[in-house]
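Please open the structure in your viewer and keep the sequence panel beside it. The stops below go from single residues to the whole chain, with something to select at each one.

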Amino acid sequence: TWLAASGIPSSEWWAVDYIVSRESGWNPCAYNPGGSNCDPNFRPSTACGLAQFLPCSVEKAGANWQDPVNALQRQYGYVKARYGGYPQAVNYWKAHGHY
């Protein structure tokens, strides 16, 4: 449901799953290192959300970093701009161990 609402093409969902599974385990409240907090007032100083935005800032993650659709939309913008799409981001991950 989150992927459909995010506007990411279904042809790239496999690649989204590859990256998000490794980043946050699909936990929208995940933060690094190894925490989870859905309190809307909580703002970790490290990576946060489905995409593990680093730093966890309004500029990168938005005002509600725990919102999975917001996180996927922001991640998609980043992935398109930097890699050309999720499949290319997966290829980069496989070569470098991160994206």
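A residue is called buried when its relative accessible area is under 20%, exposed when it is over 50%, and partly exposed in between, with a 1.4 Å probe and protein chains only. Before selecting anything, note that this is a predicted model, in which local features need pLDDT of at least 70 and side-chain atom pairs count only at pLDDT 80 or more, while totals for chains, interfaces and linings use all residues. Residues are numbered from 1 along each chain as its sequence is written, and side-chain values use heavy atoms, with hydrogens and water left out.

**First stop: Glu12**

Select Glu12, which sits in the loop between α1 (2-6) and α2 (13-23); helices (H or I, at least four residues) and strands (E, at least two) are DSSP runs numbered from the N terminus. Is Glu12 buried or exposed? Its relative accessibility is 13%, so Glu12 counts as buried. Now show the residues in contact with Glu12, where contact means heavy atoms within 4.5 Å. Leaving aside neighbours within four places in sequence, Glu12 is in contact with Tyr76, Gly85, Tyr86 and Pro87. If you then draw a C-alpha to C-alpha distance from Glu12 to Ala61, it comes to 21 Å, for two residues that are 49 apart in sequence.

**Second stop: Asn70**

Ala61 also leads to the next selection, because Asn70 touches Ala61, Gly62, Asn64 and Trp65 when residues up to four places away in sequence are not counted. Asn70 lies in helix α4 (residues 68-83), and with a relative accessible area of 16% Asn70 is buried.

**Third stop: the cysteines**

Next, show the cysteine side chains and look for disulfides, each taken here as a pair of cysteine sulfur atoms within 2.5 Å. A disulfide is a covalent bond between the sulfur atoms of two cysteines. The structure holds 2 disulfides, and with bonded cysteines counted along the chain they follow the pattern 1-2, 3-4.

Select Cys29 and Cys38, whose sulfur atoms are 1.5 Å apart in the disulfide that they form. Their link is right-handed, with 75° about the S-S bond, and Cys29 counts as buried at 2% relative accessibility.

Then move to Cys48 and Cys56, which form a disulfide with sulfur atoms 2.1 Å apart and a right-handed link, with 85° about the S-S bond. Cys48 counts as buried at 0% relative accessibility, and Cys56 counts as buried at 6%.

**Last stop: the whole chain**

Clear the selection and show the chain as a cartoon, in which the secondary structure comes to 5 helices and 2 strands. Read along the sequence, these follow the pattern α-α-β-β-α-α-α. The radius of gyration, taken over C-alpha atoms and set against a globule rule of 2.2 Å times the number of residues to the power 0.38, is 13 Å, close to the 13 Å that the rule gives for 99 residues, so the chain is as compact as a globular protein of that length. Along its principal axes the C-alpha trace spans about 35 × 30 × 20 Å, and buried residues make up 42% of the 99 residues. Among the contacts with a separation of 6 or more, 43% come from residues 24 or more positions apart.
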